[in-house]
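The following exercises are to be worked through with the sequence and the three-dimensional structure at hand. Each task is followed by a stepwise solution.

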Amino acid sequence: MEYFSSHYYHKVARVLLLLLLFVLVCENGVEASHRVYYEYQSLSSTSSSVKQQHRTAYHFQPPQHWINDPNGPMYYNGVYHLFYQYNPKGSVWGNIVWAHSVSTDLINWTPLDPAIFPSKPFDQYGCWSGSATVLPGNKPTILYTGIIDANNTQVQNYAVPANLSDPYLREWVKPDDNPLIVPQIGINKTAFRDPTTAWKGKDGHWRILVGGRRKHRGIAFLYRSRDFKKWVKAKHPLHTKAETGNWECPDFFPVPKIGLKGLDTSVMGTNVKHVLKVSLDVTRYEYYTIGTYDTKKDRYVPDKTLVDGWKGLRYDYGNFYASKTFFDPNKNRRILWGWANESDPVQDDIDKGWAGIQLIPRTITLDPNGKQLIQWPVEELERLRGQNVYMINQVLNKGDRVEVPVGTAAQADVEVTFNFPSLDSAEEFEPSWRKLDAQDVCSETGSTVEGGLGPFGLLTLASENLEEYTPVFFRVFKDGKKYVVLMCSDARRSSLKDGMYNPSFAGFVDVDLSDKKLSLRSLVDHSVVESFGANGKTCITSRVYPTIAVGDNAHLYVFNNGTTSVTIETLDAWDMKRPDRMNI
Ligand SMILES: *[C@@H]1O[C@H](CO)[C@@H](O)[C@H](O)[C@H]1NC(C)=O
Ligand SMILES: *[C@@H]1O[C@H](CO)[C@@H](O)[C@H](O)[C@H]1NC(C)=O
Ligand SMILES: *[C@@H]1O[C@H](CO)[C@@H](O)[C@H](O)[C@H]1NC(C)=O
Ligand SMILES: *[C@@H]1O[C@H](CO)[C@@H](O)[C@H](O)[C@H]1NC(C)=O
Ligand SMILES: *[C@H]1O[C@@H](CO)[C@H](O)[C@@H](O)[C@@H]1NC(C)=O
């Protein structure tokens with residue numbers, strides 16, 4: 001995928017581009033939205049200049065520099081591999097290579113040398129995102145997007161391990177019969193990227209998707225191959241959707257209708273549903289649908305009850321993009337990786353010496369109601385839990401704020417279940433809000449506006465006198481006979497420093513309230529708050545940069561600002577240890 005720094009910039013750039021087009025009546029094909037900081041491309045900072053204050057402790061981060069999309073995650077011979085887009089020379093986007101790390105538990109990672117970097121005519125201007133497929137005979141193959149000229153022309157290449165006996169697959173080779181796929185006439189060659197993991201049809205042919213666009217229509221191009229070398233574009237894309245703009249990083253995989261197991265990407269049939277996720281270049285967020293893979297027509301049909309478009313379901317309603325899943329045969333689960341960019345100004349990233357993190361990998365399953373996915377941090381994360389503090393049956397009246405005395409509130413994992421006596425006091429959901437996104441509703445209400453049932457939840461990365469805090473909370477509304485649950489992760493008061501991107505991220509939670517309970521888990525890690533509402537039905541990530549609520553001065557509280565008292569049924573919090581590197 002490509003990086004540009006803000007939606008606003010994008011709009012301005014589009015207007016400027018249109019003007020330019022009128023004036024020049026020509027188009028050079030270079031992305032208007034593609035903000036490249038040439039002046040910083042070759043700056044090379046040293047580790048000693050890297051600012052540590054907001055660095056994460058247990059989220060994935062290299063020692064320095066810029067990272068973006070997770071690439072080609074896979075499990076091979078007892079080892080998890082994570083590749084990712086990386087600028088080896090600075091903390092802004094540019095000079096992109098595939099950095100490579102390995103792990104045996106998804107938590108403790110050891111960096112290796114970059115696996116794929118520009119070196120051949122078919123990728124000399126960049127090695128962009130892609131996926132891994134483990135071919136029969138236990139042979140991993142990577143497909144990735146190569147940039148072949150200064151005009152950003154995109155092709156799809158492959159790379160294979162140089163030595164299959166090397167337990168860490170350190171070295172990768174890019175054979176000379178690359179590229180495998182070039183954009184044929186009719187395909188926009190600057191919007192043609194991010195090949196998926198391949199799946200095998202009943203006819204024995206492999207299939208992959210490549211993301212792209214035709215005008216404003218997002219497209220998941222389908223390619224087929226018998227031998228993984230010669231790829232032929234299918235007449236019809238697997239799926240397209242008007243007015244969604246360029247699709248980046250498509251991901252397509254099966255989930256079982258019943259049960260929690262993950263499935264190999266090639267599994268199909270009546271016992272499975274399929275999921276298609278796309279990353280929206282225009283809005284810089286993702287959406288997914290659940291649907292049916294019609295293997296005869298080789299087309300994907302989203303379920304009618306779901307929104308196929310900008311207002312569709314999201315893995316995460318916060319700072320989360322360019323995600324990718326893989327099947328983990330070791331524990332029979334499907335795991336999701338997502339990237340969170342920084343929310344501070346570019347100059348701060350340069351000063352820090354780093355930018356971007358990978359979020360905690362999440363196990364994903366289908367909600368038994370079939371209407372959405374459920375996500376939960378991989379169980380291995382729990383090995384980092386240190387000292388536990390807990391609360392039970394503690395009542396929170398209106399205005400109460402209670403400290404959770406966890407050892408390091410800046411580096412913690414907290415799980416809480418609230419219960420409430422009734423839903424009677426839920427506020428009316430204003431009819432005018434039906435047109436709004438959850439985020440807009442959250443920014444109108446927030447944690448400071450008293451409600452009936454809620455706002456209640458956690459105050460993370462909070463300073464003692466609440467000059468700074470990032471509240472993660474619920475608010476329950478009544479809309480006719482139904483209840484609407486809003487979950488917010490509101491960064492507006494997260495930092496006293498100006499210039500931060502600090503939205504009141506929010507999502508609705510499709511949860512049955514008949515047991516009058518709501519649960520919340522937050523992973524707090526210095527500059528990230530990654531939250532899971534209602535056992536993983538709604539997830540929201542915020543990147544925040546407190547100035548007071550740092551290190552030992554960060555606090556964690558539970559609060560209630562609704563008129564109805566709520567009870568902390570159980571709360572468990574742990575301070576989190578730092579992962580180790582493996583010795584290899
Ligand atoms: C890039 O596009 C411009 C305008 O179409 C063209 O003149 C130039 O030759 C192209 N450069 C390359 C390397 O393809
Ligand atoms: C091709 O895609 C690029 C990148 O999304 C876009 O800037 C350009 O306008 C597209 N060209 C056409 C003809 O649609
Ligand atoms: C391949 O890796 C194995 C295991 O690390 C090593 O013993 C062997 O020498 C390597 N082969 C080559 C050709 O490098
Ligand atoms: C609760 O509401 C009061 C009154 O609006 C406000 O002063 C306070 O900051 C709120 N608490 C939180 C945690 O937002
Ligand atoms: C992350 O950064 C913020 C602030 O610059 C932008 O507004 C987002 O668009 C950006 N997100 C992505 C996915 O690039």
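A residue is called buried under 20% relative accessible area, exposed over 50%, and partly exposed in between (1.4 Å probe, protein chains only). The model is a predicted one, in which local features need pLDDT of at least 70 and side-chain atom pairs count only at pLDDT 80 or more, while totals for chains, interfaces and linings use all residues. Residues are numbered from 1 along each chain as its sequence is written, chains are lettered from A and ligands numbered from 1 in the order in which they are written, and side-chain values use heavy atoms, with hydrogens and water left out.

**Exercise 1. Cysteines**

Task: Determine which cysteines form a disulfide, taken as a pair of cysteine sulfur atoms within 2.5 Å.

Solution.
- Step 1. A search of the whole structure yields one disulfide. Its partners are Cys442 and Cys488, with sulfur atoms 2.4 Å apart.
- Step 2. Cys442 belongs to helix α3 (residues 438-445) and Cys488 to strand β31 (residues 482-490), so the bond links distant parts of the chain, 46 residues apart. Here helices (H or I, at least four residues) and strands (E, at least two) are DSSP runs, numbered from the N terminus.
- Step 3. Both Cys442 and Cys488 are buried.
- Step 4. Cys249 takes part in no disulfide, the nearest cysteine sulfur being that of Cys127, 15 Å away. Cys249 counts as buried because its relative accessibility is 2%.
- Step 5. Why is the sulfur of Cys539 without a bond to the closest cysteine sulfur, in Cys488? The two sulfurs are 15 Å apart, which is too far. Cys539 is likewise counted as buried, at 1% relative accessibility.

**Exercise 2. Surroundings of ligand 4**

Task: Identify the residues around ligand 4 and its polar contacts, that is, pairs of N or O atoms within 3.5 Å.

Solution.
- Step 1. Ser447, Thr448, Leu459, Tyr469, Phe559 and Asn561 surround ligand 4; a residue is near a molecule if one of its heavy atoms lies within 4 Å of it.
- Step 2. This shell comprises three nonpolar, three polar and no charged residues. Ala, Val, Leu, Ile, Met, Phe, Trp, Tyr, Cys and Pro count as nonpolar, Asp, Glu, Lys and Arg as charged, and the others, Gly among them, as polar.
- Step 3. A polar backbone atom of Thr448 is 2.6 Å from an oxygen atom of the ligand. For Tyr469, a polar side-chain atom lies 3.1 Å from a ligand oxygen. In Asn561, a side-chain N or O atom is 2.3 Å from an oxygen of ligand 4.
- Step 4. Ligand 4 has 360 Å² of accessible area on its own, of which the protein covers 58%; such areas come from the Shrake-Rupley method with a 1.4 Å probe.

**Exercise 3. Backbone features**

Task: Locate the cis peptide bonds described below and two residues with positive phi, and assign each residue with positive phi an exposure class.

Solution.
- Step 1. The Asn178 to Pro179 bond is cis, with omega near -5°, and Pro179 sits in the loop between β8 (172-173) and β9 (192-193).
- Step 2. Gly454 and Pro455 are also joined by a cis peptide bond, with omega about 5°; Pro455 lies in strand β29 (residues 453-462).
- Step 3. Asn138, although not a glycine, has a positive phi of about 60°. Its loop runs between β5 (127-135) and β6 (139-147). Asn138 is partly exposed because its relative accessible area is 36%.
- Step 4. Glu243, not a glycine either, has a positive phi of about 60° and lies in the loop between β14 (239-241) and β15 (247-256). With a relative accessible area of 57%, Glu243 is exposed.

Conventions: Polar contact = N/O pair within 3.5 Å; in protein donor to acceptor, adjacent residues only side chain to side chain.
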